[in-house]
Amino acid sequence: MTDQALWRPTRRRLGDTLLAALAPVAASVLALGGLSMWTVLGNAGSPARIAVTGGRLFLPTGDTPETAAFFRITNTGGSADRLLKVTATGVGATTLSRHRMTGARSASARTVTSVPVPAGAGISMSPNSLDVIVPVDADWRIGDLVTFTLHFERSGAVRSDAVVDRPGR
C-alpha cells in the first residue's frame, strides 16, 4: 500500500465533517421543537369548531316578497372553514347576500357564493353586512321559530333556529 491510498483523519477533516453534520441536525431539532409546541398549544390539526347562535328572522312588512335572517357564527377551532349555503325548513330557496352602504341612505346588495369563517374568529351577520335572504311566509308571527341549516365546507351541516322578530329590535 502506498501512503497516498491511506486515508488519515486529521483534525481539520474531522472538524469539517462535524460542522457539515451539525447544520441538518440543528435544523431538524428546531423544526421538531416548533411542531411540538404547536401540538402542545392545541393547534396541530385541530378542525374547525363551528357554533351558530343568535338567529333572528325579520318579520316582513307590507307586500315584501323577501326578508332577511341573521346569525352569529363562531369558529373556535384551529382551522378555517367556509359557509357555503343556508337552507330553511319549509321555506323556498335562500340566498347569502352582502350589503354595502353606497351613500347617504342608500345601499347595494350582492349575492355571495360562500363566506370564509377564519380559525379562532367569527362572523356576526347584520342588515349592514352579511345576511340570508329568505322568501316570506305569510303565516310567520313574532316569536315563531324557523329552523335553518347552515352548510359549511369542512364542518358540514349545522342546524340553528331563528326567532321571528321586528326589524330594529
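In which strand of the protein chain is confidence lowest, and in which is confidence highest? The structure is a predicted model, and the mean pLDDT is lowest in strand β5 (residues 106-111), at 73, and highest in β9, at 96. Over the protein chain the average pLDDT is 85, and 87% of the residues score at least 70. Where pLDDT is low, the predicted coordinates should not be read in detail.

Strand β9 spans residues 145-152 and is joined to β10 by a hairpin of three residues. The pairing of β9 with β10 is antiparallel and comprises eight bridges. Within this pairing, Phe148 has Ser160 of β10 as its bridge partner. Strand β10 (residues 156-165) also pairs with strand β1 (residues 50-58), here in the parallel sense and over four bridges. Arg56 is bridged to Val163 of β10.

Two salt bridges were found in a search of the whole structure. One of them is formed by the side chains of Asp165 and Arg56, with an N to O distance of 3.5 Å. Asp165 belongs to strand β10 and Arg56 to strand β1, so this salt bridge ties together parts that lie 109 residues apart in sequence. Asp165 is buried, its relative accessible area being 15%, whereas Arg56 is partly exposed, at 24%. Arg56 thus takes part in a bridge with Val163 of β10 and in a salt bridge with Asp165. A salt bridge is also present between Arg154 and Glu153, where the closest N and O atoms are 3.9 Å apart. Arg154 counts as exposed, with 58% relative accessibility, and Glu153 is partly exposed, with a relative accessible area of 46%.

The search of the whole structure also returned two aromatic pairs. In one of these, the ring centres of Phe71 and Phe148 are 5.3 Å apart and the planes stand at 70°, so the pair is classed as edge-to-face, for which the planes must be over 60 degrees apart. Phe71 is located in strand β2 (residues 66-75) and Phe148 in strand β9, so the pair ties together parts 77 residues apart in sequence. Both rings belong to buried residues: the relative accessibility is 1% for Phe71 and 0% for Phe148.

Phe148 is also one of the residues with the most contacts inside the largest nonpolar core, together with Ile73 and Met125. This core contains 30 residues. At least two residues of the core come from each of β1, β2, β3 (81-88), β6 (115-117), β8 (130-135), β9 and β10. The most is given by β2, with five residues. Leaving out residues up to four places away in sequence, Met125 touches Ala69, Phe70, Phe71, Ile73, Leu83, Leu96, Leu130, Asp131 and Val132. Met125 therefore meets Ile73, another of the residues with the most contacts inside the core, and Phe71, the aromatic partner of Phe148.

Ser97 is placed in strand β4 (residues 95-103) and is buried, with a relative accessible area of 4%. Beyond its neighbours within four places in sequence, Ser97 is in contact with Ala109, Arg110, Thr111, Val112, Ser129, Leu130, Asp131 and Ile133. Leu130 and Asp131 are also among the residues touched by Met125. The contacts of Ser97 include Ala109, Arg110 and Thr111, and strand β5 (residues 106-111) is where the mean confidence is lowest.

Technical notes:
Residues numbered from 1 in each chain as written. Predicted model: local features only at pLDDT ≥ 70, side-chain atom pairs only at ≥ 80, totals over all residues. Heavy atoms only, no water. Pairing = 2+ DSSP bridges. Salt bridge = Lys/Arg side-chain N within 4 Å of Asp/Glu carboxyl O. Buried < 20%, exposed > 50% of the residue type's maximum accessible area, 1.4 Å probe, protein only. Phe/Tyr/Trp six-rings, centres within 6.5 Å; stacked < 30°, edge-to-face > 60°. Contact = heavy atoms within 4.5 Å. pLDDT = per-residue confidence, 0-100. Core = buried A, V, L, I, M, F, W, Y, C linked by side-chain atoms within 4.5 Å.
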